[in-house]
Amino acid sequence: DKLLVALEAHNDEIASDSHDQEQGKSTSVDMSRRFNPFNKQAVTIIHAATMFDNSIANAQNKINAITYNCNNENEINQLLQDNSREWHFLLDEFQGPLFDILKSKRQKILGPPIILSCADSNQGVNLCFTGFKEKDTFVTLVNMAHSMGASVRKEMTARVTHLIANTVQSQKYRAAVNFDAAIMSEQWIYEFWNRKTERNLTVDDPKLMEYRLMVFHGCYIAFHDFSDPERQQMEDNTKMQGGIPTTITDTNCTHIVIENNEAEIPEDISVKAKIIKQEWFWESIQLNACADEVLYLMSRSNMTPLGYDSISNHGSELRSRKRRRSKIDLSALLTSHDSCHSLLNTILDVTDGMLEVSGTNLDQDHNTSTSRCSKPPAVENKHHTARKQVVMELLQTETNYVGILNTIINLFKLPLEQDHRGGPILTPGEIKAIFSSIPQILNVHKMILESLQQTFNNWMEECLVSEIFIKNAEALLKAYPPFINFFELTKETLEQCDKKYPRFHAFLKLCQNKPECGRQSLLELLIRPVQRLPSTILLLQDIMKHTPATNPDSTELEAAIGSLKNVMSHINEDKRRTEGRMQMFEIIRDIEGCPPYLLSSHRSLVVCFDMVALSDVFCYKGDTITIFLFSDSIEISKKRMGTKITRTSSSASNYTLPIGKTSVKTLSNNKLTYKHVEFMPLSYIKRLVDVMDTE
């Protein structure tokens with residue numbers, strides 16, 4: 001929808017509109033309907049001593065306008081003698097003698113933008129105002145809106161396209177959020193007025209959208225019972241969103257945000273301040289509009305104020321103990337399955353060399369409401385064999401793992417892909433980089449879980465547990481490498497987006513506080529796929545220990561473990577190849593004038609080291625040069641002064657790069673770190689001379 005920029009000076013209508021606003025009546029003066037191109041009634045437009053280009057003429061034809069030209073007051077008087085028509089005078093400037101004459105005769109005066117806009121669209125912009133206490137400011141804004149062809153309505157309905165607000169606490173503001181209407185500040189109208197003569201100006205112009213009403217406009221927010229780093233972060237977000245950080249004793253304080261229900265509030269807090277949960281703060285930032293406090297409001301009577309004696313707050317202390325006790329019970333329930341098997345606590349140590357990962361303690365799985373699979377009994381039965389007990393644990397951990405994957409998809413990925421007020425939270429590319437092949441991994445483990453559940457429900461000691469993993473080994477090999485190979489990129493993208501986008505940070509905070517997450521961050525959940533295959537291998541090895549040699553599953557378990565190790569081996573090899581390719585890209589990016597043929601699919605970096613030139617063959621004697629030794633060639637580059645190499649340790653190379661990281665710091669003038677000198681195949685080297693230092 002375009003804002004139909006009409007320059008109108010019809011005193012009668014403006015006076016009527018101002019009078020209606022003073023009386024509190026609804027007004028609607030939509031200029032676009034008068035020039036609706038789908039309206040078959042012809043309108044009459046008079047060009048008053050102005051010259052317009054072909055675009056105006058074409059636009060007038062599209063709206064079936066009849067045009068005349070007039071150059072002076074006599075011609076205007078002759079036209080006005082015909083009372084059978086409604087005249088509209090087109091001026092390019094709202095000043096001068098003709099403008100004064102038409103204004104004195106109370107005629108309708110238009111500017112070129114409304115003709116062009118009406119030719120392209122038959123819909124105008126409906127405005128509603130809220131929070132303006134000064135009458136003069138309000139009347140000025142209404143008149144400007146009318147003059148630019150917009151409608152102004154008293155009530156906030158679904159037909160209103162833009163709410164011009166000076167507060168976030170009104171009912172109209174709440175309705176605008178529910179109707180998903182654009183909420184703008186008064187500066188939006190002023191800026192539109194200043195640019196009213198620009199053609200093709202639309203309401204969604206990026207520069208105009210900068211004048212949206214800030215989320216916490218006019219809010220004085222205090223944060224209580226938070227740690228210093230977290231409070232500082234929330235105060236920075238408050239300033240960024242137009243709010244004012246303050247203290248709980250400030251008389252201007254409008255909101256007191258508390259970390260939890262057990263926070264103690266002093267008695268001398270601001271009387272008008274609302275005590276609300278921290279979810280309101282993060283929900284507002286994510287929503288890009290101030291959320292309704294009613295959903296997060298805390299009653300002052302339920303808080304524990306400071307200074308109460310032990311007798312008066314005995315009941316609250318009892319409730320606190322009950323809450324703490326219930327939390328302990330819940331925590332024990334969520335992690336009870338972890339104590340069944342001590343091997344799971346040392347998986348990362350045992351699998352050192354398979355994968356180099358970092359993250360949370362392994363298999364600290366939690367029950368999730370998103371898992372649709374039935375869960376096995378959590379209580380051990382003394383009649384169960386040791387083999388069945390381990391299979392039960394395998395089923396339990398697989399159930400929890402599928403629940404975690406479901407949580408990642410349903411709680412994080414799918415909501416991020418949906419439309420949000422204020423636009424998308426992340427770009428499709430960023431979402432893909434973070435979640436990668438999680439849906440494919442989930443599909444494979446759903447099949448594994450279903451097979452394990454069927455095996456457990458129809459349990460016999462001769463059941464082939466190994467067959468489940470042998471059958472799905474190929475699917476695991478396809479699903480896991482894309483995620484594990486680029487996990488560092490996933491981690492880096494997640495951290496960058498968390499810092500870059502306040503709405504995404506708020507989204508993560510809200511999700512982390514939901515019970516499905518078990519108070520774990522998205523990064524802690526995303527590390528689970530990296531850990532799952534080593535965990536499964538250890539559990540299968542434990543099953544094999546408790547499987548007699550006469551059991552048909554004994555030999556098959558060895559094959560299943562071998563197939564999973566083969567998957568791990570392929571993942572590690574693919575990961576090394578991926579990192580090698582990333583190294584090559586980073587090296588080429590850091591060398592000025594690097595020959596393009598240096599990049600080759602069969603070439604890999606062996607080592608990189610700095611040297612000093614002993615002759616003038618490649619550069620001046622004494623210059624610092626860097627040699628990149630590849631599997632089949634050598635690149636000699638001159639290192640620029642003032643750069644510092646940033647490397648990570650590795651046994652294979654001293655130029656190893658984590659995926660997505662930058663290898664070097666460039667100079668302050670944006671020059672690259674190295675300058676190409678010479679590239680040669682290893683076959684060019686005739687001999688190596690080991691020069692020893694002597695006295």
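Trainee: How many salt bridges does the structure hold?
Mentor: Eleven. Keep in mind that this is a predicted model.

Trainee: Which residue forms a salt bridge with Glu398?
Mentor: Arg532 does. The closest N and O atoms are 2.8 Å apart.

Trainee: Where do those two sit?
Mentor: Glu398 is in helix 15, and Arg532 is in helix 22 (residues 528-545). They are 134 residues apart, so the pair links distant parts of the chain.

Trainee: Is Glu398 buried or exposed?
Mentor: Buried, because its relative accessible area is 0%. Arg532 also counts as buried, at 2%.

Trainee: What about Arg231 and Asp228, how far apart are they along the chain?
Mentor: Three residues, about one turn of the helix. Both lie in helix 11 (residues 228-240). Their side chains meet in a salt bridge at 3.0 Å, N to O. Asp228 is exposed at 60%, while Arg231 is partly exposed at 23%.

Trainee: Which residues are linked in a network of salt bridges?
Mentor: Arg387, Glu461 and Asp553. Within that network, Glu461 and Arg387 have their closest N and O atoms 3.8 Å apart.

Trainee: New topic. At what angle do helix 18 and helix 23 cross?
Mentor: Roughly 10°, and their axes come within 9 Å. The cut-off for roughly parallel is under 35 degrees, so these two helices count as roughly parallel.

Trainee: What classes of residue make the contact of helix 18 with helix 23?
Mentor: There are 15 nonpolar, five polar and four charged residues.

Trainee: Last one. Which residues make the nonpolar surface patch?
Mentor: Leu682, Ile685 and Leu688, with about 280 Å². Leu688 counts as exposed, at 79% relative accessibility.

Notes: Residues numbered from 1 in each chain as written. Predicted model: local features only at pLDDT ≥ 70, side-chain atom pairs only at ≥ 80, totals over all residues. Heavy atoms only, no water. Axes fitted to C-alpha atoms, helices over the stretch in contact; angles between N-to-C directions. Helix = DSSP H or I, 4+ residues; strand = E, 2+ residues; numbered from the N terminus. Parallel < 35°, antiparallel > 145°, perpendicular 65-115°, else oblique. Nonpolar A, V, L, I, M, F, W, Y, C, P; charged D, E, K, R; others polar. Patch = residues over 30% accessible without salt bridge, like charges linked within 9 Å, V, L, I, M, F, W, Y side chains within 5 Å. Areas by Shrake-Rupley, 256 points an atom, 1.4 Å probe, with all protein chains shown as cover. Salt bridge = Lys/Arg side-chain N within 4 Å of Asp/Glu carboxyl O. Buried < 20%, exposed > 50% of the residue type's maximum accessible area, 1.4 Å probe, protein only.
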